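Grab your viewer and a pencil: here are some short exercises to work through, each with its solution. Try each task before reading on.

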2 protein chains.
Amino acid sequence: MKQEKVLYQDFLQSKNLKLTKPRLIIMEAVLENHDHFNVDDLYEQIKMKHKDVSRATIYRTIPLLIESGLVKQSLRCESKDIYEHTYGHENHLHFICTNCGKILESSFNEVEKLINQLAKNENFKISEYNLGASGLCKDCKK
Amino acid sequence: MKQEKVLYQDFLQSKNLKLTKPRLIIMEAVLENHDHFNVDDLYEQIKMKHKDVSRATIYRTIPLLIESGLVKQSLRCESKDIYEHTYGHENHLHFICTNCGKILESSFNEVEKLINQLAKNENFKISEYNLGASGLCKDCKK
DNA sequence: ATGCATTTGAGATTCATTCTCAATAAAGTT
DNA sequence: AACTTTATTGAGAATGAATCTCAAATGCAT
């Protein structure tokens, strides 16, 4: 998406950060992901395309992607931090299968309304939702 | 609470695990916590009472406490796993302040109902909820 | 008490993440 | 286009939470 690139560029500019090749490569890799990924996923994905960026730079760039609103941190998996590409992707609930690791996503609107109300009662300003449940998916239930 | 101790003992017995002194000490420390704690918190808490258990044993014992239903894993904080004493404590939502680190808890019933319905639609069997949002608490909003 | 299997403690190990620092690249200036 | 300044990068070292190892200690049935 063009729009995301612009958003990212504007963000970098507003912070006096340079639009470097590694930062672009990493952003592009993220845009290709329409679900969850971790640092190693990005690293492999970038290598696959014969580009090259160090892991250190990926680790350094993720906070920028988060601040610019393209990405958010998600649940952890296999003791690694995982992230999701959020811009242009609706918020959703995660149902994580503890048996096979699959992540189902479910709609969010009603839950969001309810949570917003609760937050209002507490006078709390939500900036990010983190909603899910773990258990067994339909295949593993049997 | 007596009941939790019994539950724990029964669990250990059912798995042919021994009821050792360290396992009791750790359980007692957990029972004293009515909110969130990490491994170091438990370690310090135990030392304070002039008892002694190694960190390794705490790490080994937590999965037992989780399996027996006294404790559940919660969000992470400062890159440490954190846990909460759940037995006899209602489920709740967490509102985590990204500025001061405070954790507010809010009621849960309606959200639970809604999520249960969504899980049912996906044919997913929930074993544990993980519900929260991060943002700014009323003091940090200003 | 005795014997056997389990558990413990201490320290070593692992592995994701962060840090360090010399080398490199971006972007503005002439 | 070459020069300057300052931010950024890559490689490897460092950190630190969590896990593992193994000899010594403990629980528990007999």
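**Exercise 1. A loop residue with an unusual backbone**

Task: decide whether A:Asn16 counts as buried or exposed, then look at its phi angle.

Solution. Keep in mind that we're working with a predicted model. Step one: the cut-off for exposed is over 50% relative accessible area. Step two: A:Asn16 has 72% relative accessibility, so it counts as exposed. Step three: A:Asn16 belongs to the loop between α1 and α2 of chain A. Step four: phi of A:Asn16 is positive, about 60°, although the residue is not a glycine.

**Exercise 2. Another positive phi**

Task: say where A:Glu78 is found and whether A:Glu78 is buried or exposed.

Solution. Start with the place: A:Glu78 is in the loop between β2 and β3 of chain A. Next, the accessibility: at 65%, A:Glu78 counts as exposed. Finally, the backbone: A:Glu78 isn't a glycine, yet its phi is positive at about 55°.

**Exercise 3. The sheet across both chains**

Task: work out the strand order of the open sheet of 6 strands and find which strands stand at its edges.

Solution. First, write down the order: β5(A)-β4(A)-β6(A)-β6(B)-β4(B)-β5(B), with mixed pairing. Second, read off the ends: β5 (103-106) of chain A and β5 of chain B are the edge strands, each pairing on one side only. The twist from one strand to the next averages 25°.

Third, go through the pairings. β5(A) and β4(A) are antiparallel, with 4 bridges, and A:Phe95 has A:Leu104 as its bridge partner in β5(A). β4 (residues 93-97) and β6 (residues 125-136) of chain A run parallel, joined by 4 bridges. On that side, A:Phe95 stands opposite A:Ala133 in β6(A). At the chain crossing, β6(A) and β6(B) run antiparallel and share 11 bridges; there A:Gly132 stands opposite B:Asn130. As a reminder, strands of a sheet pair through backbone hydrogen bonds, either parallel or antiparallel.

**Exercise 4. Helices on the sheet**

Task: find which strands helix α5 (residues 109-122) of chain A lies across, and at what angle to β6(A) it runs.

Solution. List the strands by chain: from chain A, β4 and β6; from chain B, β4 (93-97) and β5. The angle between α5(A) and β6(A) is about 130°. Now do chain B: α5(B) packs on the sheet and touches β4 and β5 of chain A together with β4 and β6 of chain B. The direction of α5(B) makes about 130° with that of β6(B).

**Exercise 5. The sheet within chain B**

Task: give the order of the open sheet of 3 strands in chain B, and explain why β1 and β2 each have a side without a neighbour.

Solution. The order is β1-β3-β2, with antiparallel pairing. β1 (36-37) and β2 (71-77) of chain B are at the edges with a single partner strand each, so one side of each has no neighbour in the sheet. For the detail, β1(B) and β3 (residues 80-85) of chain B are joined by 2 bridges, and B:His36 has B:Glu84 as its bridge partner in β3(B).

**Exercise 6. Checking a helix**

Task: test whether the length of α2 (residues 21-32) of chain A fits its residue count.

Solution. Take 12 residues at 1.5 Å a residue: the expected span is 16 Å, and the end C-alpha atoms are 17 Å apart, which agrees. Now for the surroundings: among the buried residues of α2(A) are A:Leu24, A:Ile25, A:Ile26 and A:Met27. Their cover includes α1 (2-14), α3 (39-48) and α4 (55-67) of chain A.

**Exercise 7. Rings**

Task: classify the ring pair B:Phe108 and B:Tyr129.

Solution. The structure holds 6 aromatic pairs over all chains. For B:Phe108 and B:Tyr129, the ring centres are 5.3 Å apart and the planes meet at 80°, so this pair is edge-to-face. B:Phe108 comes from the loop between β5 and α5 of chain B and B:Tyr129 from β6(B), 21 residues apart. Both B:Phe108 and B:Tyr129 are buried.

Conventions
Residues numbered from 1 in each chain as written. Chains lettered and ligands numbered in written order. Predicted model: local features only at pLDDT ≥ 70, side-chain atom pairs only at ≥ 80, totals over all residues. Heavy atoms only, no water. Pairing = 2+ DSSP bridges. Phe/Tyr/Trp six-rings, centres within 6.5 Å; stacked < 30°, edge-to-face > 60°. Buried < 20%, exposed > 50% of the residue type's maximum accessible area, 1.4 Å probe, protein only. Expected span 1.5 Å × (residues − 1). Contact = heavy atoms within 4.5 Å. Axes fitted to C-alpha atoms, helices over the stretch in contact; angles between N-to-C directions.
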